[in-house]
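The following report goes through one structure by topic, from its ligand shell to its sheets, helices and backbone details. Please keep the model open while reading.

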Amino acid sequence: MSELTPSNKVQQIEASPTLVLVSKAKELIAQGKDVISLSVGEPDWPTLEVAKQAGIEAINQDFTNYTPARGIAPLRQAIVDQTNNDFKTNYDINNVAVATGGKFVIYSLLYSILNPGDEVLMPTPFWVSYPAIVGICEAKTVAVKTSKNSQFKLTPELLEKHLTDKSRVLILNSPSNPSGFLYTQDELNDLAKVIKKYPRLLVLSDDIYNRLTFDYDVAPHLLNCDTDISKQIFIVNGVSKSYAMTGWRIGWAIGDKNIIGAMGAFQSQTTSSTVSISQKAAVAAILKGGDELIKIKKLLKNRRDFVLPLLNAIDGVSVSKPDGAFYMWADVSGCYGKSFNDSKINGSDDFARLLLENYSVVVVPGNPFGEDDYIRISYAVKEERMKEAIDRIHSFISSMS
Ligand SMILES: Cc1ncc(COP(=O)(O)O)c(C=O)c1O
């Protein structure tokens, strides 16, 4: 071991596979290849105009100092008002901690809850960063294998089966990255009955896509259940996806004041606060972004309805209709066991790699999400490029033997 060997802890962290693919795609583009990336986890439309203007105003008014570690009061108030309106709750600003994007919020929240050895349950397929963050917190990921029959959703039976006296957090993400499926209110009601029986179990409800749903204003929620489990629930949300603000780095957690207060202490010693300018922009997005959001949802729904039949027309690909977000979860296991040129396709990693190398299309393998039969396709991509990418996938699969 040399003087410059990184710590054991940091060596255990793998770079996010989605970010690795995005940078690989950028490399190929720099070499002049016509790469189409269907791996993007962010909107392809710009930040809402109202948010941009508020950011510019914040700079012009020299609103460029540190802010409170948990965020400025007007932002926390806007978040609380929106949440109370969505779920008929009574949160106040002391229930809210704002931080540097949804991902850091999840870290700050889990760090504030978990002790080493605690178990964190997550249904498969799960967002790839959850297990990585759980690992950083020295806790243990319990991947709960779901099935296609339940649209990859957790059922009360599965949940009960995996609960132990070490279970501390259940992570639910609806609509889901990567599947785009969401839990109905009835399904959540059934889960809530089990959760109520285990008061030590806290729920991290990752709502980052909950306004990007096609049949609801806001996705159904555990806070709306007949069984009151509000004390056990922690919401995670942010402006990244709904308001096309991934680079502004604003996310938040809402829940019990003790834990939220602990997040404030943690954040004060790690990031100090998130960006002052972004906080002003986020206030504008939340208060004034509603009309734009309706337009964006329409655009996304049209894209979903355009892409779905094209994908399902390919022999060897099967996709169910997603309810929200901008992902399709495509079963490509029909291609496994086949060969492309002289390479055998044994799983989603092979599928994604050969597709990128030979047809310059980037998709995300399902493997790191916990389901190797699938790939994730993002349709936050303009229609004509989407069509071209699907044609290439079709050619790729047709050339297998
Ligand atoms: C399921 C899920 N949760 C949280 C996040 C974090 O979002 P942010 O960009 O605000 O960190 C993402 C981003 O990809 C996500 O897909």
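## The ligand shell

Of the 13 residues around the ligand, which come nearest? In this predicted model, the nearest residues are G101, G102, K103, N177 and S240. Helix 5 supplies the largest share of the shell, namely three residues, and by class the shell divides into nine polar, two charged and two nonpolar residues.

## The seven-stranded sheet

Seven strands make up an open sheet with mixed pairing, in the order 2-8-7-6-5-3-4. Its edge strands are strand 2 (96-99) and strand 4, each of which pairs on one side only, and neighbouring strands of the sheet are turned against each other by 20° on average when direction is ignored. At one edge, strand 2 pairs with strand 8 (residues 251-254) in the antiparallel sense over four bridges, and A97 stands opposite A253 in strand 8.

Two helices that pack on this sheet can be described here. Helix 5 touches strand 2, strand 5, strand 6 (202-206), strand 7 (233-238) and strand 8, and its direction makes about 160° with that of strand 7. Helix 9 (residues 257-268) touches strand 2 and strand 8, with a direction at about 30° to that of strand 2.

## The four-stranded sheet

A further open sheet consists of four strands in the order 9-10-15-14, with antiparallel pairing. Strand 9 (318-319) and strand 14 (364-365) stand at its edges with a single partner strand each, so one side of each is left without a neighbour in the sheet. The pairing of strand 9 with strand 10 (residues 327-331) is antiparallel and runs over two bridges, and S318 stands opposite D331 in strand 10.

## Helix 6 and its buried face

Which residues of helix 6 (residues 129-136) are buried? They are Y130, P131, I133 and V134. Seen down the axis of helix 6, these buried residues fall within an arc of 165°, so they line one face of the helix.

The buried residues of helix 6 pack against helix 5 (101-113) and against three strands, namely strand 3 (119-123), strand 4 (140-144) and strand 5 (167-173). After helix 6 comes E138, whose phi is positive, near 60°.

## The end of helix 4

F87 belongs to helix 4 (residues 73-87) and is partly exposed, with 18 other C-beta atoms within 10 Å. Leaving aside residues up to four places away in sequence, F87 touches H221, L223 and N224. The C-alpha atoms of F87 and C225 are separated by 10.0 Å, although these residues are 138 residues apart along the chain.

K88 lies in the loop between helix 4 and strand 2, and its phi is near 55°, a positive value in a residue other than glycine. Because K88 has 9 C-beta neighbours inside 10 Å, it counts as exposed.

## Backbone details in other loops

Two peptide bonds that lead into proline deserve inspection. The bond from T124 to P125 is cis, with omega near -5°, and P125 is found in the loop between strand 3 and helix 6. The bond from S174 to P175 is likewise cis, with omega near -5°, and P175 is found in the loop between strand 5 and helix 8 (185-196).

Is F152, in the loop between strand 4 and helix 7 (156-162), buried or exposed? With 23 other C-beta atoms within 10 Å, F152 is buried, and its phi is near 60°, a positive value in a residue other than glycine.

Conventions:
Residues numbered from 1 in each chain as written. Predicted model: local features only at pLDDT ≥ 70, side-chain atom pairs only at ≥ 80, totals over all residues. Buried ≥ 20, exposed ≤ 12 C-beta atoms within 10 Å, placed from the backbone. Arc of directions from axis to C-beta. Contact = placed C-beta atoms within 7 Å. Near = placed C-beta within 6 Å. Nonpolar A, V, L, I, M, F, W, Y, C, P; charged D, E, K, R; others polar. Pairing = 2+ DSSP bridges. Axes fitted to C-alpha atoms, helices over the stretch in contact; angles between N-to-C directions.
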